[in-house]
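The following exchange asks how certain structural descriptions are justified by computed geometry and stated cut-offs.

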Amino acid sequence: MLPTILFFHGNAGNIGIRLPNAVQMMKHLNANILLVEYRGFGESDDAKVNEAGLKLDAEAALRFAATHTQIDPNQVFVFGRSLGGGVAFHLAHYAEQQGISLAGVMVENTFLSISKMVDALMPYVAPFKALVLRIGWDSLEIAPRLNTPILYLAGEADELVPPSHMRGLYDASTKSRLRVWHGIKGGSHNESWVQGGAEYWLAMRMFIEKALAVSASCSKSVGHGSGFEVDALNGQPVESSIPVMKSGLVGMLSEAFSGSNGKSAKKVT
C-alpha cells in the first residue's frame with residue numbers, strides 16, 4: 001500500500017482551494033492524500049469553530065485512517081501548514097498517548113503558539129493577553145515531548161509567521177526519533193510549496209522514506225532523545241519552494257481574543 005497523508009490547512013478557506021496543492025502532493029510523493037475539513041469550514045457541519053473542536057476533528061480523521069481497510073496504518077503521515085501545523089502537533093501527541101501508529105509529521109510555516117504570535121503581530125495587546133486570550137495552540141509545549149519523526153518545511157521569506165518560530169520548534173524537538181530541517185529560500189507563508197520547486201518535493205519524499213525506515217527498524221542509531229538531524233537532500237541544512245491569497249492570521253488572532261470563530265471568518269493562511 002501507499003503512504004497516506006492527512007492534510008490540515010490553515011485558519012481559513014477550505015479544502016477546495018487546496019486541491020491544486022493536494023494534486024501535486026499526490027503526484028510527487030506517490031501517496032494517498034486525505035484532505036481533512038474542519039467543522040464550520042467548507043461543506044462541513046455548521047458548528048462553532050474552536051480549538052477543542054478542531055482537535056476532535058483531527059483525532060477523528062486519524063482514527064478513520066488507522067482503521068480503514070485500504071490504508072496501511074503504519075504508513076500514515078500528518079501534514080499541517082500554518083494553523084494546520086498546530087493541529088498536526090496536537091494529533092502527533094494524541095497518537096502517542098493513545099498508542100495509534102503515526103509514521104511522521106510534516107509542518108510548514110507554523111508557529112510556536114498563538115500567545116507568541118500575539119507578541120509578534122499584536123504587541124500592543126500582549127500585556128493583556130493572559131486575561132483575554134481564548135485559544136492556545138501551544139506547539140512549543142508539545143514539540144519536546146514527541147518521539148515521532150518531524151519534518152520542518154520553513155519558508156525563509158515568511159511574511160506572517162516569524163521564521164524564528166519554526167526554528168524554535170525544531171530546536172525543541174530533541175526527543176524526536178528523526179527531525180529534519182528544510183529551508184525554502186524565498187519561501188513565503190502561503191506559497192512555499194510552489195516556490196520550493198523540485199527540492200521541496202524531494203525533501204518530503206526523502207523524509208517519508210527515512211521515517212518509514214526508522215519506524216520499521218526502531219533504529220538504534222536514531223534513538224529517543226538523540227535529536228538526529230538531517231536534511232532531506234544531503235545531510236546538511238538546506239537552503240532551497242496555497243493559492244496566492246492574503247493572510248488571515250491577524251484576523252485569527254483577533255478572534256482568539258473575542259472567542260468567536262465561525263464560517264464568516266474564512267481568511268486563508
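Q: Why is the crossing of α1 and α9 called right-handed or left-handed, and which is it?
A: The crossing of α1 and α9 is right-handed. A crossing is left-handed if the near helix is turned anticlockwise from the far one by less than a right angle, and right-handed if clockwise. This is a predicted model, in which local features need pLDDT of at least 70, side-chain atom pairs count only at pLDDT 80 or more, and totals for chains, interfaces and linings use all residues. Residues are numbered from 1 along each chain as its sequence is written, and side-chain values use heavy atoms, with hydrogens and water left out.

Q: What makes α1 and α9 oblique to each other?
A: The axes of α1 (residues 19-29) and α9 (residues 197-217) come within 10 Å and cross at roughly 55°. Angles under 35 degrees count as roughly parallel, over 145 as roughly antiparallel, 65 to 115 as roughly perpendicular and the rest as oblique. The two helices are therefore oblique.

Q: Which residues make the contact of α1 with α9?
A: Asn-21, Gln-24, Met-25, His-28 and Leu-29 of α1 meet Trp-201, Met-204, Arg-205 and Ile-208 of α9, where contact means heavy atoms within 4.5 Å.

Q: Why is α2 called oblique to α3?
A: Helix α2 packs against α3 (residues 83-98) at an angle of about 60°, with the axes 10 Å apart. That angle makes α2 oblique to α3. Their crossing is right-handed. On the α2 side the contact includes Leu-54, Ala-58 and Leu-62, and on the α3 side it includes Val-87, Leu-91 and Tyr-94.

Q: What makes the aromatic pair of Phe-8 and Tyr-38 stacked?
A: Rings of Phe, Tyr and Trp (its six-membered ring) pair if their centres lie within 6.5 Å; planes under 30 degrees apart count as stacked, over 60 as edge-to-face and the rest as tilted. Phe-8 and Tyr-38 lie 6.4 Å centre to centre with 15° between the planes, and the pair is accordingly stacked. Phe-8 is in strand β1 (residues 4-8) and Tyr-38 in the loop between β2 (32-36) and α2 (51-67), so the pair ties together parts 30 residues apart in sequence.

Q: How do you know that Glu-159 is in contact with residues beyond its neighbours within four places in sequence?
A: Glu-159, in the loop between β5 (150-155) and α7 (163-172), is in contact with Ser-188 and His-189. Its C-alpha is 6.3 Å from that of Ser-188, although the two are 29 residues apart in sequence.

Notes: Axes fitted to C-alpha atoms, helices over the stretch in contact; angles between N-to-C directions. Helix = DSSP H or I, 4+ residues; strand = E, 2+ residues; numbered from the N terminus.
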